Amino acid sequence: MEVFTEMQVEEIVRIVVEQVRSRLLADEGGPAAIAPSHSTGIFDEIEEAVAAASEAQAALLRLGLEKRGEIIQAMRNAAVANAEVFARMAVEETGMGRFQDKVTKNLVAALKTPGIEDIRPEVMSGDHGLTLEERQPFGVIASITPSTNPSETVVNNGIGMIAAGNSVVISPHPGAKGVTLKAVEVLNQAIQEAGGPPNLLVSVREPTIQKTQDLIKHPKISLVVATGGPGVVQAVLCSGKKAIGAGAGNPPAIVDDTADICKAARDIVAGNSFDNGINCIGEKEVLVVETVADQLIEEMQKCGAYLLRNKEEIERLVRLVTTQEGQINKAFVGKDATSILKEIGISAPKDTKSIIFEVQADHVTVMEEFLMPILPIVRVKDINEAIELAVCIEGGRHHTAVIHSKNVDNMTRFALAIKTTIFVKNGPSFNGVGIGGEGYTTMTIAGPTGEGLTSARNFTRVQRCVLVEGFNLRGKAQ
Ligand code: NAD
């Protein structure tokens, strides 16, 4: 899988070499030594954090756009240099995901998040004059971050929100506070070293749900951005403020009888198992047309999927990954396939990526979002049934869907019916967020509120400035 272009790889190498050089200089007490007076951005109370962020935002605006661009570049460099640190800390702290995939996600967030170029003004001119639509910052933004992409979301939202001229109060998931606060600290340091103000990115030392709720209500917060499950999206939508909600997904992958089955198998297993299934965009169930179902299952096994062969094995899996109350058993979120299989008495090769099994469409593993490398497969008689079921399974979350097909009509019909924010054709789901696919990246995919793949422009207010009767240079003579 090619995630980065040659130029991006060169950029990563350049940044890492520069970082190592700076560290060596720092060890010698040279110019790269970090000033002890720099703020970490971490406070005890929400009140202090918001006040500091508010002051920082005003200072940012005084610096101008060129400096803001340098600050963004410094944030990128620091995030690239710390990608492995963040990845390791996240795996250790949360017990979820895969180190290498987290490194990839951190690098993509650092390098493929749009910067200040994303907030260019729009211009209209005509017989009545010149109108300019400029993008102004909101001010101080509350960004509530998940446990599944902790540092990645700080890097991605941090770059986008600051590029738009805001400061950011990060509200970490309590279960990922160590790595989230580390990312806040690293970026703060980088911003200050680049000549930016302290506290553009702040957080609190001991995050709790109560503190998040206090933050949402804080009068100085003018935009709330939630990246997480349905609870937090609901909380920000009820805030009475401008809110961006990036919620849960349950992406179906359709395979029709025209698809390249080997590629479909490879892509679906890669997408489902990426970071052990904890990505909201990851393929969570497969709907395959029955004439190609056996072949797909066979090919998936060649790509590292382990097939559960009977009802009894499937029932054991379901008992493991759900609680007695029928909820998702969080103990197995983000665990690797081999250890999940071991828990149900199956010894599988160490490099097993996903657990596959055949069920009916109304099965709990199909209808609910399991953030694990488990992948139910549903046989359907044709594309019509596949589309109808996929729409029902996606459940109006407007998140992500995937199709493997060579039939443009099938792909078009599915896209129109499912109305997801991300719609990937003939590739793994992560191609949809710039990992090995074209386009920029985001870690905040706003399906419920409709912004889509958020970037700096979504963190601005549009102001229309109208010059009447002047500067219509195309349509008037002297
Ligand atoms: P989570 O909903 O448990 O937590 C996310 C954040 O919200 C945390 O900071 C948590 O402390 C806070 N929170 C949760 N409930 C809250 C409430 N009632 N009031 C205030 N704050 C609350 O999510 P998670 O387990 O960390 O992450 C996984 C979930 O997030 C999955 O459902 C996944 O699909 C989704 N997700 C979506 C996106 C996206 O871009 N759409 C990105 C990443 C994760």
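Modeller: On a 1 Å grid over the protein atoms alone, a pocket is an open set of points with protein on both sides within 12 Å along at least five of seven lines, and its lining residues have an atom within 4 Å of a point. The largest pocket has 43 such lining residues. This is a predicted model, where local features need pLDDT of at least 70, side-chain atom pairs count only at pLDDT 80 or more, and totals for chains, interfaces and linings use all residues. Residues are numbered from 1 along each chain as its sequence is written, and side-chain values use heavy atoms, with hydrogens and water left out.

Biologist: Which lining residues lie nearest the centre of the largest pocket?

Modeller: Gly-228, Gly-229, Pro-230, Val-232 and Glu-369 do. Two elements, α8 and α9, give two or more residues to that lining. The largest share, five residues, is from α9. Both are called helices because they are DSSP runs (H or I, at least four residues), numbered from the N terminus.

Biologist: What makes the ligand a resident of the largest pocket?

Modeller: A molecule sits in a pocket if more than half of its atoms lie within 2 Å of the grid points. The ligand is placed in the largest pocket, which holds about 1,300 Å³ of space.

Biologist: Which residues come nearest the ligand?

Modeller: Thr-145, Ser-147, Gly-247, Glu-369 and Ile-445, out of 30 around it. They count as near because a heavy atom lies within 4 Å. Both α8 (209-217) and α9 (230-237) supply at least two residues of this shell.

Biologist: Why is the Gly-247 pair called a polar contact?

Modeller: The cut-off is a pair of N or O atoms within 3.5 Å. A ligand nitrogen lies 2.8 Å from a polar backbone atom of Gly-247, so the pair qualifies. A ligand oxygen is 2.7 Å from a polar backbone atom of Ile-445. A ligand nitrogen is 3.2 Å from a side-chain N or O atom of His-399. The protein covers 87% of the 840 Å² of accessible area that the ligand has on its own (Shrake-Rupley method, 1.4 Å probe).

Biologist: What makes the other space, of about 110 Å³, a cavity?

Modeller: In a cavity, a 1.4 Å probe fits but cannot get out. The structure holds one of 30 Å³ or more. Its lining includes Lys-105, Asn-149, Phe-274 and Ile-445. By class, that lining has eight nonpolar, three polar and one charged residues.

How values were computed:
A polar contact is a pair of N or O atoms within 3.5 Å; within protein, one must be able to donate a hydrogen and the other to accept it, and residues adjacent in sequence count only if both atoms are side-chain atoms. Grid points are joined across faces, edges and corners, and a volume is the space filled by probe spheres set on the points. Ala, Val, Leu, Ile, Met, Phe, Trp, Tyr, Cys and Pro count as nonpolar, Asp, Glu, Lys and Arg as charged, and the others, Gly among them, as polar.
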